[in-house]
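I pulled this one up to see how its helices sit and what its surface looks like. Here are my notes.

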Amino acid sequence: MYLIPIAWIYVALMMAVAEATNSNGTVLGALVTFVLYGLLPIGLLLYFMGTPARKRARLELEARQNQALAQAQSTGEEYSSSQPDTGSKPPADPIAPVRKEP
């Protein structure tokens, strides 16, 4: 699974080394090359590849919470969730927005 990202990081690293050692190249250019051609695309790729696992973990957590809630309701105990109480009212703005006078 991680073979392609490792290979692409190697290619981007070699591009950065070539940029730094070139007579017209700079270390800053090599760093920018490595970040823009290596780290950012691989970071996005790994994030997108991890989406199904994150979704599976979220659904599993919700199922466990629903199971605990059902168990607490059947035994008559009070259920305490790890989720904060959001309430039904929106949060109030403590500071009024400043407006220009006409």
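My entries below go from helix 1 to the surface patch and then to helix 3.

Entry 1, status. I'm working from a predicted model here.

Entry 2, helix 1 length. I checked the span of helix 1: its 19 residues reach 27 Å from first C-alpha to last, close to the 27 Å expected at 1.5 Å a residue.

Entry 3, the buried side. Which residues of helix 1 are buried? I found P5, A12 and A16. They cover an arc of only 45 degrees around the axis, so they lie on the same side of helix 1. I reminded myself that an α-helix has 3.6 residues a turn, so residues three or four places apart point the same way. I also looked for what covers the buried residues, and helix 2 (27–49) is included.

Entry 4, the other face. Turned away from the buried side of helix 1, I see the exposed residues L3, I4, I6, Y10 and T21.

Entry 5, nonpolar patch. On the surface I noted a nonpolar patch made of W8, Y10, V11, L13, M14, M15, V17 and Y37, with about 720 Å² of accessible area together. Which element gives the most to the patch? Helix 1 (residues 3–21) does, with seven residues.

Entry 6, W8. I looked up this patch member separately: W8 is in helix 1. W8 counts as partly exposed because its relative accessible area is 36%, which falls between the 20% and 50% cut-offs.

Entry 7, helix 3. I ran the span check on helix 3 (residues 51–75) as well: 25 residues reach 36 Å from first C-alpha to last, close to the 36 Å expected. After helix 3 comes G76, and I noted its positive phi, near 85 degrees.

Note on methods:
Residues numbered from 1 in each chain as written. Predicted model: local features only at pLDDT ≥ 70, side-chain atom pairs only at ≥ 80, totals over all residues. Heavy atoms only, no water. Patch = residues over 30% accessible without salt bridge, like charges linked within 9 Å, V, L, I, M, F, W, Y side chains within 5 Å. Areas by Shrake-Rupley, 256 points an atom, 1.4 Å probe, with all protein chains shown as cover. Salt bridge = Lys/Arg side-chain N within 4 Å of Asp/Glu carboxyl O. Helix = DSSP H or I, 4+ residues; strand = E, 2+ residues; numbered from the N terminus. Buried < 20%, exposed > 50% of the residue type's maximum accessible area, 1.4 Å probe, protein only. Expected span 1.5 Å × (residues − 1). Arc of directions from axis to C-beta. Contact = heavy atoms within 4.5 Å.
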